[in-house]
Amino acid sequence: MIMECKVNKKCGGCQLLDMSYEEQLQYKQRRLEALLSRFCKVEKIIGMDNPYHYRNKVQSAFFYDYKRKKNASGVFQSGSGKIIQNDSCLLENRTADRIVKTVRELLDSFKLRAYDERKDVGFLRHTLVRVGFSTGEIMVVLVTAKPAFPSKNNFIKALIKAHPEITTVIQNVNPDGIPLTLSSRNITLYGRGYIEDTLCGMKFRISPDSFYQVNPVQCERLYNKAMDFANLTGNETVFDAYCGTGTIGLIASKSAKQVLGVELNKSAVKDAVSNAKANGAENIYFLCGDAGEIIEDMAKEGEKFDVTFLDPPRAGSTARFLNSLIKIKPEKIVYVSCNPETLARDLEYLTDKRYKATKIQGVDMFPHTKHIETVVQLSKR
């Protein structure tokens, strides 16, 4: 069955929506095999049972419609700065979409305007809503150009009255003007200033700018596959590079002797430490810094790890990091990738050295888009 979207052609976010879901999975399987089958067999991609409304993180850009004299909101058109108005998305959490619509309506009723960069007038840049899949907790982040928030208390009261399921509201003050970004200045207006969710039996704190996979159903399948590939017995020392808020490392800590997580984002490291405490994980610790530099220093000092997890950004890893990784000689590398092109490049580097790919598994984390998550097991030759 193919679902229809009124703005799909304008938006460009769902590149594969014209295909049935089975056809999408076949397309992605062929793509993975074309890029990665030279390393080893590519297992059949893991799809979703219900591939709609899976995104638990929803961002909506706001602008003031001068012709209609009303506030408007929507998503940025792929490859341009144009905002496509839309109140309902086939990928986004339905409750989050309804909250965004309510925020827009409240702006009008409180006679507040979305921010206009050219005229330097107005208030709200965009809204971010995050939903805890297992907990049901909901965070609303109102990203404003300036700290002043007219009728702040009444606005928040009206928002909570309309959506009592909201557990925290945060104002993020971002004067810099980069679309859909957050600054480091967060003001908690309601609730704790964060939400929590459970993934693979572990509890995780999610702050406004924390990295947390947007599709928790498939994320759990992806991470469980990564743990299968690691095959931990309880005696291993584990290095978790690009660890974010510590998700992979904490899940691994249940079956490992000791885990070290490294992350460049200070806020993410703070959440990772909190997550470790919340889960009673005493065999994991975190360092804030560049994974390449840290692992290079460890290689010089003769440090070794049995298993290394990599989960880099779309650009993939760096030659410097991979070169240092080879020097610490982990018996096994588990590479989690969101970009099969850069994954193929990095596998080329690793397999030219001391490693061979032994298992490759695709996971459809982002149905109706061209994006594919992949997990690879590499063993030392």
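Okay, let's start with one pair of strands: strand 16, residues 355-363, and strand 17, residues 373-380, run antiparallel and are joined by eight bridges. If you want a spot to look at, find Lys356, which sits opposite Ser379 in strand 17. Before I go on, a reminder that this is a predicted model.

So where does that pair belong? It's part of an open sheet of eight strands, in the order 1-16-17-15-14-11-12-13, with mixed pairing. At the edges you've got strand 1, 42-46, and strand 13, 284-288, each of them paired on one side only. Ignoring direction, neighbouring strands in this sheet are turned by 15° against each other on average.

Now the helices on that sheet. Helix 2, residues 21-36, packs on it and touches strand 1, strand 16 and strand 17. The direction of helix 2 makes about 150° with that of strand 1. Then there's helix 7, residues 266-278, which also packs on the sheet, touching strand 12 (258-263) and strand 13. For helix 7 the angle with the direction of strand 13 is about 170°.

On to the inside. The largest nonpolar core has 87 residues, and the ones touching the most other members are Leu36, Phe239, Phe309, Phe321, Leu325 and Leu378. Helix 5, residues 216-230, gives the most to this core: seven residues. Take Phe239: leaving out residues up to four places away in sequence, its contacts include Leu260, Val262, Ile295, Met298, Phe309 and Phe321. There's another core apart from that one, with 24 residues, among them Phe123, Leu124, Val129 and Val169.

Here's one for the electrostatics people. What is the nearest side chain of opposite charge to Asp311? It's Arg314, and that is 10 Å away, so to speak out of reach: Asp311 is buried and has no salt bridge. Asp311 is in the loop between strand 14 (307-310) and helix 9 (319-328). Beyond its neighbours within four places in sequence, Asp311 is in contact with Tyr223, Ala241, Tyr242, Ile248 and Val336.

Last stop, a hairpin. Strand 9, residues 195-199, pairs antiparallel with strand 10 over five bridges, and Ile195 stands opposite Ile206. Two residues lie between the strands, and Cys200 in this hairpin takes a positive phi near 50°. Strand 10, residues 202-206, has two faces: Met202, Phe204 and Ile206 are on the covered one, while Lys203 and Arg205 are on the uncovered one.

That's my tour, thanks.

How values were computed
Residues are numbered from 1 along each chain as its sequence is written. This is a predicted model: local features need pLDDT of at least 70, side-chain atom pairs count only at pLDDT 80 or more; totals for chains, interfaces and linings use all residues. Side-chain values use heavy atoms; hydrogens and water are left out. Two strands pair if DSSP finds at least two bridges between them. Helices (H or I, at least four residues) and strands (E, at least two) are DSSP runs, numbered from the N terminus. Axes are lines fitted to C-alpha atoms, for helices over the stretch in contact, and angles run from 0 to 180 degrees between N-to-C directions. Contact means heavy atoms within 4.5 Å. Buried means under 20% relative accessible area, exposed over 50%, partly exposed in between (1.4 Å probe, protein chains only). Lys and Arg count as positive and Asp and Glu as negative; His and the chain ends are not counted. A salt bridge is a side-chain nitrogen of Lys or Arg within 4 Å of a carboxyl oxygen of Asp or Glu. A nonpolar core is a set of buried Ala, Val, Leu, Ile, Met, Phe, Trp, Tyr and Cys residues joined through side-chain atoms within 4.5 Å.
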